[in-house]
Amino acid sequence: MKAQRRPARRTLNRKVAAVFVALLSIVLWTQFSLLKVSIKRYRRKLEKNAQFVKISGGRLEQLGPLSFDTFSNSGKPATIVSKGTVLGTTTSTGNMLKQYYKLENVQIGKGGLYFYYDDGFQKPEANWVDTIFNNGTNLKLPTMTVMRHAQNSKYSYMPWHYNPAKKKQPTCKRWVDRPTYLIQMQHSSNIWHAWNEGIMAAFQSLREQGLLPLVEIDSEGYQREYVDDLDAGCSWEIDQDTLKQKRMSTCRVKSGVIPEGQCIPDEDRDCSPGVYSYFKKDGPLLWLAKDMGITKQWAHMFFAISENVWSWESLVDSCFREIYIGKSNTLSYYMPLYIDPDNEKIQYATTWRSNATEAFKQLMHPSQKHAIIMKRNVDKIPYWKEPWPQYDAPEWDRLRMGIGPEDIDALDTVLPNTAWASRSYMSPKEIKDLEKMWRSSSKLTKNLASRGIKKQNEMTRTPDDGGLPARLERPRPVVTYLWRDNYKRSVLNTHDILSYILMRYNVTLKVTTLQEPLPEVIDLMSHSDVVIGMHGAGWTNGLFIKRGAAALQLIPYGWISPDGSAIRGSSYKSLLLASDCIYSEWVNQRPDYAYMRRHDFKSLKMKGIEMKYSIHPEKKWGMPEGVRPGNHWIYQNTFVDMETFAPVLDSTMQQAGIKAMENSS
């Protein structure tokens, strides 16, 4: 009897196992299919939004042939002995607590960085350094450099291998004679990361080492050296024995390398008015770290620094006579900017950053104009006739060009609707509650601003104010609103804010989605007296706001800690202050005015975090301690409480020198 049961059990077990394997196969196949779909969507998104510059044969396609002295095996020493210098860079308080690295005669390969030391060199102990934030375990040479990728929270690691030069020598794929800067960015296609960590980091690091002399050419074609932002002395280094900062004993000459006189144009040099990199063609190399790319939208900004931009694959396993890793902290806007006239260190750090910011802006302005000319020549059509996203409809283009109080009806374009509510699967009751808030807020806005409007004809901005001392644009001050229409950290009652401005102030109001060509955005920013917008990467364009203009940043609920410190938003504040702007911010203090997105909670569940969806933050959630993309706090939408926002806006306008209309107060 038992013998008969055993085959039956075995058959049953096999069937169960077969069913289990089949189910497991289905689950794995489903997961694999979903993963492939996600990858395809991500790639499409990159192609649509980023449009990375293509690589051809290891070189960026836009670049011409390099000069003959880029690679020179004749310059390679018989025995390679490396040298490392820890370059000191200040914090916002003026203290030398950050660092980046100048390395000579080293090799960088797929396995990391290879350093060949001579007798007397003391190998450093374990020291991991974050190359984005310049944070290390100590101030010595690192044993590992680390970088976190913002888009997927993964890390890139570069171990530093220290080998005795007498026992081991590298096999160099090629010997790079040119000074080289390694570009590392957390997110290549995001404007904030690409500018702050890529373009500005390369600009300032090379500038401080005397590798980026700038020439300024006036309207008469007369050239002089641009030195307004330079520290005349050698850069600071960290002494590896005492760990104290000191000036480098030897360094490149930072000034006096550009002859003063009439600019003579040739095939390599343009004598148009502006500020340019003097050795753009024959200067240092910019080398993109592994998995880095450059988007077409601001590729020309990299090329304004150096036309020699190389992909990771093209130079990996090479040996470098001189390479820089990390970045100067001078233009790092991850650090707050302090204003304290009584503290010499802080005053020095603040002044240096403001001057460096202005130098960067001066270099980039002509590069924008040149990009337009080049695009016009290639496409054979004026760039302004291209269909820009969002501006296809004439009513949106009208808002971009600017309207006055007499055109307040044009704001019907931004009237609130429930399209976002439908996409986010809000319940019918939640939609009704939101519509009720819109009606109530609209009435409140009219009461706050007053209905009276003095009718005036719309006037346009003059091309040039003729050097007038007044900061305001003529004939009307220009107020620019940064519109976020993707319902990811957007304002749900933008119409109230814009209506209040036009009912109360005689200004030209411009609304931008920041989707026009970058030169247009820069022109808009540089002619705005007041800029208003919700926190987001678009504020990176605030770098080009003119000096003395006012900026008002809106901050979502929960982003300011009880002690007053900002969880997010301080980086843009520092950037705006460095541009000598008048900075203000409004913070949503009401949880019932914060609108969460249902699908963000689904993302949490996929990560193994169980949290029940609620359209408004609940007390039991507590307050966020850190906000990263994907977190349910990050893309909350905000209904602006006009009763608390209006006084902040009025104060900002007053500081900018814009008075309310007489019959609106």
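Here are three short exercises on a predicted model of a protein chain, each with a worked solution.

**Exercise 1: The whole chain**

Find out how many helices and strands the chain has, and what share of its residues is buried.

*Solution.* Start with the elements: you'll count 13 helices and 29 strands. Next, take the 665 residues and pick out the buried ones, which make up 51%. Now look at contacts with a separation of 6 or more: 72% of them come from residues 24 or more positions apart. Finish with the outside: the accessible surface is about 32700 Å², and carbon and sulfur atoms own 52% of that.

**Exercise 2: The sides of β19**

Work out which way the residues of strand β19 point, and decide whether they are buried or exposed.

*Solution.* Find β19 at residues 285–288. Check one side: L285 and W287 point that way. Then check the other side, where you'll meet L286 and L288. For burial, the cut-off is under 20% relative accessible area. All four of these residues, L285, L286, W287 and L288, are buried.

**Exercise 3: The neighbours of β19**

Which strands pair with β19, and in what sense?

*Solution.* Go to strand β12, residues 180–183: β12 pairs with β19 in the parallel sense, over four bridges. One bridge to spot joins T180 to its partner L285 in β19. Now try strand β20, residues 309–310, which is also parallel to β19 and pairs with it over two bridges. Here W287 has W310 of β20 as its bridge partner. Last, trace the chain from β19 to β20: the path runs through helix α3 (residues 299–305), giving a right-handed β-α-β crossover.

Technical notes: Residues numbered from 1 in each chain as written. Predicted model: local features only at pLDDT ≥ 70, side-chain atom pairs only at ≥ 80, totals over all residues. Heavy atoms only, no water. Buried < 20%, exposed > 50% of the residue type's maximum accessible area, 1.4 Å probe, protein only. Pairing = 2+ DSSP bridges. Right-handed = clockwise from strand over helix to strand, strands pointing away. Contact = heavy atoms within 4.5 Å. Areas by Shrake-Rupley, 256 points an atom, 1.4 Å probe, with all protein chains shown as cover.
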